[in-house]
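Good morning, and thank you for attending. Please look at the structure on the screen while I speak about charged side chains and their partners.

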Amino acid sequence: MAVQYGEIQELLRSRADLRARLNLMPYDGTPEIKERGDGKYLYVRKRVAGKLTSTYVGTYTDELYNLLLRNSKEAREIRKTLRSIEKQLAAAGYSEDGLTADVISNIEFARANMKMNIYDQAVLEGVATSFPQTEEIIENGKVFGVTATDVQKILNLKHAWEFILDRDVAASRSDYYMLSYIAGLVNEGFFADGGRIRGVPVTIGGSSYVPPLPNEPDVKDRIREIVEVEDEAVNTAIKLCLYCMKTQIFLDGNKLAAVIFANHYLISHGGGVLVIPEKEVPEFKRLLVRYYVGEDDSVIASFLKERCWKTI
């Protein structure tokens with residue numbers, strides 16, 4: 001039976017996305033109410049390694065109880081869909097391929113630094129949150145004194161990073177479809193189809209550069225050309241990042257999507273992570289404008305490699 005690569009790639013993306021959604025759920029289990037004295041308290045029951053566990057959630061309220069019920073229902077539906085995907089993968093000829101030790105270590109390294117990476121990316125995007133606020137949003141989904149828009153952007157970043165750190169996704173190719181899916185995640189809640197190639201002109205603040213309308217076949221070919229060149233992984237990742245930023249492939253979120261896409265390539269090759277630290281953002285923006293208006297990419301590429309590339 002021939003392996004259906006396109007179908008498998010889409011199924012793997014869906015599986016990774018569903019797994020990420022499960023990981024992001026604050027409470028996973030069947031809700032139960034326990035009474036002690038005059039008080040009522042909420043727990044969630046879940047079977048772990050064959051044993052039934054009960055985890056305390058909080059004092060009973062109708063709102064919290066209904067949230068636990070919704071989470072439990074959603075988790076059951078996700079697991080049902082995951083089982084269906086596993087069957088479809090097997091039918092399409094997919095078999096699990098082990099990742100190298102370097103890639104696995106790189107995934108864990110990126111995961112350990114994910115909160116700081118998200119904070120740095122949020123700064124680049126102009127999100128006005130402190131690191132403690134960003135951390136609180138990542139952990140609990142909300143924080144006092146931060147706009148709903150900024151909360152959504154940070155949660156989108158969390159979702160996108162969780163996605164590329166899934167092992168199935170790390171084993172997938174860094175191509176146009178991967179980039180589009182990432183763009184859809186970082187634009188979630190702002191555009192109905194944030195991963196669709198833009199069809200209208202855009203301008204870039206602080207620059208006279210007006211990017212031409214992107215052509216999907218050309219974008220696909222250019223990404224493939226960059227990836228197929230034999231080079232150090234970090235150099236390829238930087239080229240992908242800069243190309244996606246300058247081309248402005250999507251209506252919004254291009255810098256965010258470009259950085260995460262570059263990290264997908266870099267992590268999948270065990271090459272570290274690439275994120276512009278908060279202190280380097282002003283210089284990066286200055287160099288980016290110069291790159292947009294025609295300066296050779298070697299200057300900004302050297303900056304990214306020397307100041308923004310972190311290895312294990």
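I begin with Asp231, which is partly exposed, its relative accessible area being 37%. Please keep in mind that this is a predicted model. What does the side chain of Asp231 meet in a salt bridge? The partner is Lys239, with 3.8 Å from N to O. A salt bridge here requires the nitrogen to be within 4 Å of the carboxyl oxygen, so the pair at 3.8 Å is counted. Lys239 is also partly exposed, with a relative accessible area of 38%. As general background, side chains of opposite charge can pair when their charged atoms come close.

How many salt bridges does the rule give? The count comes to 19. Let me turn to another of them, between Asp168 and Arg15, where the closest N and O atoms are 2.2 Å apart. This pair links distant parts of the chain: Arg15 belongs to helix H1, residues 5-24, while Asp168 belongs to helix H7, residues 167-170, and the two are 153 residues apart. Are these two residues buried or exposed? Both Asp168 and Arg15 are buried.

Arg15 and Asp168 also take part in a network. Through salt bridges that share partners, they are joined with Arg19 and Glu86.

A further salt bridge is formed by Arg21 and Glu74, with the closest N and O atoms 2.9 Å apart. Why does this pair tie together separate parts of the sequence? Arg21 lies in helix H1 and Glu74 in helix H2, residues 62-91, so the salt bridge connects parts that are 53 residues apart in sequence. As for accessibility, Arg21 is partly exposed at 31%. Glu74, at 27% relative accessibility, counts as partly exposed as well.

My last residue is Arg36, which is found in strand S1, residues 30-36. Which residues does Arg36 touch, leaving aside those up to four places away in sequence? They are Tyr41 and Tyr43. With Tyr43 there is a polar contact of 3.0 Å between the side chains. For a sense of scale, Arg36 and Leu288 are 61 Å apart in space from C-alpha to C-alpha, and 252 residues apart in sequence.

To conclude, I would ask you to find two pairs on the screen. One is Asp168 with Arg15, between helices H7 and H1. The other is Arg21 with Glu74, between helices H1 and H2. Thank you for your attention.

Conventions: Residues numbered from 1 in each chain as written. Predicted model: local features only at pLDDT ≥ 70, side-chain atom pairs only at ≥ 80, totals over all residues. Heavy atoms only, no water. Helix = DSSP H or I, 4+ residues; strand = E, 2+ residues; numbered from the N terminus. Buried < 20%, exposed > 50% of the residue type's maximum accessible area, 1.4 Å probe, protein only. Contact = heavy atoms within 4.5 Å. Polar contact = N/O pair within 3.5 Å; in protein donor to acceptor, adjacent residues only side chain to side chain.
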